[in-house]
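Trainee: Hi, have you got a few minutes to go through a structure with me?
Mentor: Sure, put it up and ask away.

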Amino acid sequence: MGDHRNLINITDLSAAEIDHLIEIADDIIADPVKYQDMCAHKKLATLFFEPSTRTRLSFTAAMMELGGNVLGFDQASSSSTSKGESVADTIVMASCYADIIAMRHPKEGAPFVGAQYASVPVINAGDGGHFHPTQTLTDLMTIHRKKGSLGGYTIGMCGDLKFGRTVHSLINALLRYDDIKYVMISPEELELPDYIKDTLDEAGVEWKEVRSLDEAIPELDILYMTRVQRERFFNEEDYIRLKDSFILRREMLDPAKEDLAILHPLPRVNEIAKDVDDDPRACYFYQALMGKYIRMALILYLLGLK
Amino acid sequence: MNIDGVNTGYVIDHIKAGTGLEIYNFLKLDKADCTVAIIQRVESTKYGYKDIIKIDGDIPIDCNTLGYMDENITVNRIKDRKLLEKIHLELPEVLTNVIRCRNPRCITSVEEGIEHRFRLADRETRKYRCVYCDTLHTDFQ
């Protein structure tokens, strides 16, 4: 409905558009006052059919720093979904009250359904194990800020590479940039799905799989850690067996490069030990901050204000 | 065995032997207000044996979905006992409301009133991808 843009999958944005968003975010960081009233009298609806502290707070903070307002709910039981209302009806209703919608839903494809019925822009704020494009934008923004470029480095991705949607999205986004080497670090049970491996092969990039974090660390410029998530498993036994597979401890960073950037989409459980937090190479809380700025840029762009 | 020719309607030819009744049911020909014949195990130089359906009536035929069920089928349109058109079917690019996504995490498993839509991902291996959750479906036949 309408001729507005949505963001459902990171590939909905061209590389030039991503560069543009990063430019806006850089400018917001440089001069936040210039942006503080840009969304005055605009409303963001955060429709979160499953709980998510970070993403919802980040969207809320982003809209508030632009001078806009936020309304919505943070779990399905607070919405009419608990009375049996469809996603389509909820979105049509929310379109009546808000200028832009950020939607998280446990079912894959729900924001895509929402976007077909909405009369305002819809941002996918995560749909099950499927897509989470604003996390990918956050990751790209962090890489840009820490490395000064989106290409020309070796990135290690560690943990749950099978169900880890953030990893899949990030790979799809990074394949547009040159001179990146990929090191995939996971147990066999959680290695990348074949279709993503095929994508890497088809793109002709240099990549390899290793079974130990120690083995990979010395060559990395970026280490992207992920959590093994209970909700992605049907079988509790598999989850318990694999959840502690790859844990990053402070002493493991001794052979790492001085300018290594350690990223994590958060929340962290135990896959990064607390004592890593004080290491200057730990960038995951900085990454959370970048998530706010890039979401501010995205809101402005989708509202046609930038 | 003699079956009359079609005046105006269709001859659905080259149906895989043994699946004629399935095609008949899919096209809901039991509800058609015209003469319909299913001919089974007809000798075929190309396939050994085949089934044929003759429909003596100008009813709508969904060639798109028929192509998904059996892309070897040929649909001959007949008008006044003359061959009007010979349609060679192929796997459709988009399938709508023919199959359902098997991914229990897909929104189509709970949302009422939306189309069940798939895009052809690989013609050779007959792989279709759910447009909502991107799950690949392969073993439809």
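Trainee: How many residues does each chain bring to the contact between chain B and chain A?
Mentor: Chain B puts in 15 residues and chain A 17 residues, where contact means heavy atoms within 4.5 Å. Keep in mind that this is a predicted model: local features need pLDDT of at least 70, side-chain atom pairs count only at pLDDT 80 or more, and totals for chains, interfaces and linings use all residues. Side-chain values use heavy atoms, with hydrogens and water left out, residues are numbered from 1 along each chain as its sequence is written, and chains are lettered from A and ligands numbered from 1 in the order in which they are written.

Trainee: And how much area do chain B and chain A bury?
Mentor: About 1300 Å² between them, with 53% of it on carbon and sulfur atoms. Buried area here is the accessible area (1.4 Å probe) lost when two parts are put together, summed over both. On the chain B side, B:Arg105, B:Ile107 and B:Glu111 supply 48% of what that chain buries against chain A, more than any other three residues.

Trainee: How many salt bridges cross the interface of chain B and chain A?
Mentor: The rule (a Lys or Arg side-chain nitrogen within 4 Å of an Asp or Glu carboxyl oxygen) finds 0 between them.

Trainee: Switching topic, what is the strand order in the open sheet of chain B?
Mentor: S6-S7-S8-S9, with antiparallel pairing. Strands are DSSP E runs of at least two residues, numbered from the N terminus, and two of them pair if DSSP finds at least two bridges between them.

Trainee: Which are the edge strands?
Mentor: S6 (94-96) and S9 (136-137) of chain B, each pairing on one side only. S9(B) is joined to S8 (residues 127-130) by 2 bridges, and B:Arg129 has B:Leu136 as its bridge partner.

Conventions: Helix = DSSP H or I, 4+ residues; strand = E, 2+ residues; numbered from the N terminus.
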